[in-house]
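Student: I should like to examine how the labels attached to a structural model are justified. May we take them one by one, setting each value against its criterion?

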Amino acid sequence: MPNLVNLESVSIGFGGPKPVLDGVSLGVDTGDRIGVVGRNGGGKSTLVSVLGGVLTPDSGRRSPVGGLRMALVGQQTRLSGATVREAVLGRAGDEAQRSSTPRYVPDHEWAADPRSRAVVEGLRPGGDRGLDASVDGLSGGERQRIALCAALVQDLDLLVLDEPTNHLDVEGVGWLAEHLLARRTALVVVTHDRWFLDTVASRTWEVVDGHVEQYEGGYGDWIYARAERARLADAAEQRRRNLARKELAWLRRGPQARTSKPRYRVEAAEALIADVPEPRDSVELVTMAKHRLGRTVVELEDATLTVGDRTLVDRQTWRIGPGDRIGIVGINGSGKTTLLRAVGGERPLDGGKRVQGTTVRLAHLSQDLADLPLHRRVLQAVEDIAERVTIGRHEQTASQLAERFGFPASRQWTPVSELSGGERRRLQLVRLLMTEPNVLLLDEPTNDLDVDTLQQLEDLLDGWPGTLVVVSHDRYLTERVCDRVVALFGDGRITDLPGGIEEYLRRRAALEGRSEGLPRSAGGSQGVPRSTTPAEPGRSEAERRAARKEVARIERRLERIATEETRLHEQLAAAATEPDRLLALDAELRALVSEREQLEEAWLENAVE
């Protein structure tokens, strides 16, 4: 059976010295689920635009199978229809597809179709405004989500998506992954969301230097394959350089040395194991953070945050300590960015008090790119902040740090005004790090970043000795760089989640009255639930207040236990040569761990009320 669509020796350029795609030949078969990765500006969007028939190549050809039913949802989209209903559902039928005028689809008609009902309920394209809301005045993210819904309600052979997760929250990304896995439509998706890529893709295309490298499996398989390819290339180069020297040494040692040949393989394997980086040493990083920050970092005491008539945070006390690495999650519109701005002191509290330590040097990566000097060149924009920076124990020049985040020497003299959105985001991050902050607030740091840059960012943050607060829909990044997760469920509380994002999704599912962890909302301006879980019938307000007080008491004790655990770990390291003292310290540590586990169980019992 032929592929659904083939590209044969396709080349395309836009007037530059090198073509964006150079002699690319590939195909998409029935049932394929392909993730497309590569650097910003490397040709990912161009590839899917040619594959979708939107762009005509300079040479080569695109060959779709006859009668192919396909939809392409790009990063720039035009909506047809005056209302959300018309844009999403008005062209669902074959007759409507041939008509230039969208038709009205009553609720009972689209709700009778399982696919349309699942998409509308899962992504809620109209938010609180409903399906009859006008599409005029919608933001780019809202329009993108509506275009995604319009594609998903159709019966298709091939679905091509360019960065579909950019405007979805954690739940929306999870819902989309489950939906795509459940349908039989072939899929080609450009995404920088590693969790989504690993969940959905069965094959991976990497666009690099005008060519497309193909791999079996998702993100994890691609990383292993690429690392192996790099290792083999390095090994081949090393063998070429050292061949003469090794052969001479071999001859000099004589025949008796031939028995050691098998040892070469053992040593090579040991070298590979030795190259695997150690896991993050949280104790050491917290110790370093305390030296840089002291005991007080940022504390919100009895804090209240409101937007219009909505209360986002209601009389909450939240203390962020030295070395804390916290991820904030919640549906779009729940107040994550507002809370982050309040932590940074950019947004005043509507009640309560904010306390900041005297040694705090705070840096906030916002979603706004307006602070970049467009009249400067890349390296100048970085050196305007500083010429050298120390991150962890390593000193780097402005040029070295810029190169680490995707600006090689050939790009460092490019005017900032000529950079793409992803490149400007990277430059914003480099300038932020050049200030040598000890507290980092990151608001959606993965937006517009390619996978390679994300890896560099995570590698840097993994060993960064400071306090970190992250708002991100990128589950992979949050789980890798954060040690704690807190959530805004819409009840005015800042809720700690010992179980991380998995616990967040379970509790959101319980709030929606669902047995499965599939979300029903995916961002936008949908309503925020009033409480984290339904209150037990017959439970008095006094009992609920008592439960909240017990939770606060437990959290205070857990903070003290965390401090004591850190102290014990330091003492254990210092007493490595004293067996008796080691035993005593170990017993004390075990008792603390046991108490912590009991308190965490008690916290969960009270927190779910």
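Student: What is the sign of phi at glycine 345, the glycine that follows H12?

Tutor: In this predicted model, the phi of glycine 345 is positive, near 80°.

Student: What makes helix H12 count as largely enclosed by the rest of the structure?

Tutor: Helix H12 spans residues 336-343, and six of its eight residues are buried, so the helix is described as largely enclosed. The buried residues are Lys336, Thr338, Leu339, Leu340, Ala342 and Val343.

Student: How many helices and strands does the protein chain have, and what share of its residues is buried?

Tutor: The chain contains 20 helices and 20 strands. Of its 609 residues, 46% are buried. As for contacts between residues at least 6 apart in sequence, 69% join residues at least 24 apart.

Student: Why is cysteine 149 called buried?

Tutor: Buried requires a relative accessible area under 20%. Cysteine 149 has 0%, so the label applies. Cysteine 482, at 8%, is likewise buried because its value is under that cut-off.

Student: How many disulfides does a search of the whole structure find?

Tutor: The search finds zero. The criterion would be a pair of cysteine sulfur atoms within 2.5 Å, and no pair in the structure is counted as a disulfide.

Student: What makes the pair of tyrosine 219 and tyrosine 476 edge-to-face?

Tutor: The count comes to two aromatic pairs, and this is one of them. Ring centres must lie within 6.5 Å, and planes over 60 degrees apart count as edge-to-face. Here the centres are 5.4 Å apart and the planes stand at 80°, so both conditions are met. The pair links distant parts of the chain, with tyrosine 219 in helix H9 (residues 219-253) and tyrosine 476 in helix H17 (residues 475-481), 257 residues apart.

Student: Are these two tyrosines buried or partly exposed?

Tutor: Tyrosine 219 has 5% relative accessibility and therefore counts as buried. Tyrosine 476 has 30%, which lies between the limits of 20% and 50%, so it is partly exposed.

Student: How do you know that aspartate 32 and arginine 203 form a salt bridge?

Tutor: The cut-off is 4 Å between a side-chain nitrogen of Lys or Arg and a carboxyl oxygen of Asp or Glu. The closest N and O atoms of aspartate 32 and arginine 203 are 2.9 Å apart, so the pair qualifies. Aspartate 32 lies in the loop between strands E2 and E3, and arginine 203 in strand E8, 171 residues apart. Aspartate 32 is buried at 11%, and arginine 203 is buried at 15%. By the salt-bridge rule, the count for the structure comes to 22.

Student: Which residues are linked with Arg69 in a network of salt bridges?

Tutor: The network links Arg69, Arg115, Asp155 and Asp157. Within it, aspartate 155 meets arginine 69 at 3.2 Å, N to O, while aspartate 157 and arginine 69 have their closest N and O atoms 2.9 Å apart. Aspartate 157 lies in the loop between H6 and E6 and arginine 69 in the loop between E4 and E5, so this pair ties together parts that are 88 residues apart in sequence.

Student: Why are aspartate 155, aspartate 157 and arginine 69 called partly exposed?

Tutor: The label covers values between 20% and 50%. Aspartate 155 has 46%, aspartate 157 has 23% and arginine 69 has 38%, so each is called partly exposed.

Student: How do you know that aspartate 193, a buried residue, has no salt bridge?

Tutor: The nearest side chain of opposite charge is that of arginine 194, at 6.0 Å. A salt bridge must fall within 4 Å, so that distance does not satisfy the rule.

Student: Which backbone atom does the side chain of aspartate 193 reach, and where in the chain is this residue found?

Tutor: The side chain reaches the backbone nitrogen of phenylalanine 196 at 3.0 Å. Aspartate 193 itself is in the loop between strand E7 (186-190) and helix H8 (194-200). Leaving aside neighbours within four places in sequence, aspartate 193 is in contact with Thr165, Val173, His473 and Asp474.

Terms used: Residues numbered from 1 in each chain as written. Predicted model: local features only at pLDDT ≥ 70, side-chain atom pairs only at ≥ 80, totals over all residues. Heavy atoms only, no water. Helix = DSSP H or I, 4+ residues; strand = E, 2+ residues; numbered from the N terminus. Buried < 20%, exposed > 50% of the residue type's maximum accessible area, 1.4 Å probe, protein only. Lys, Arg positive; Asp, Glu negative; His and termini not counted. Polar contact = N/O pair within 3.5 Å; in protein donor to acceptor, adjacent residues only side chain to side chain. Contact = heavy atoms within 4.5 Å. Phe/Tyr/Trp six-rings, centres within 6.5 Å; stacked < 30°, edge-to-face > 60°.
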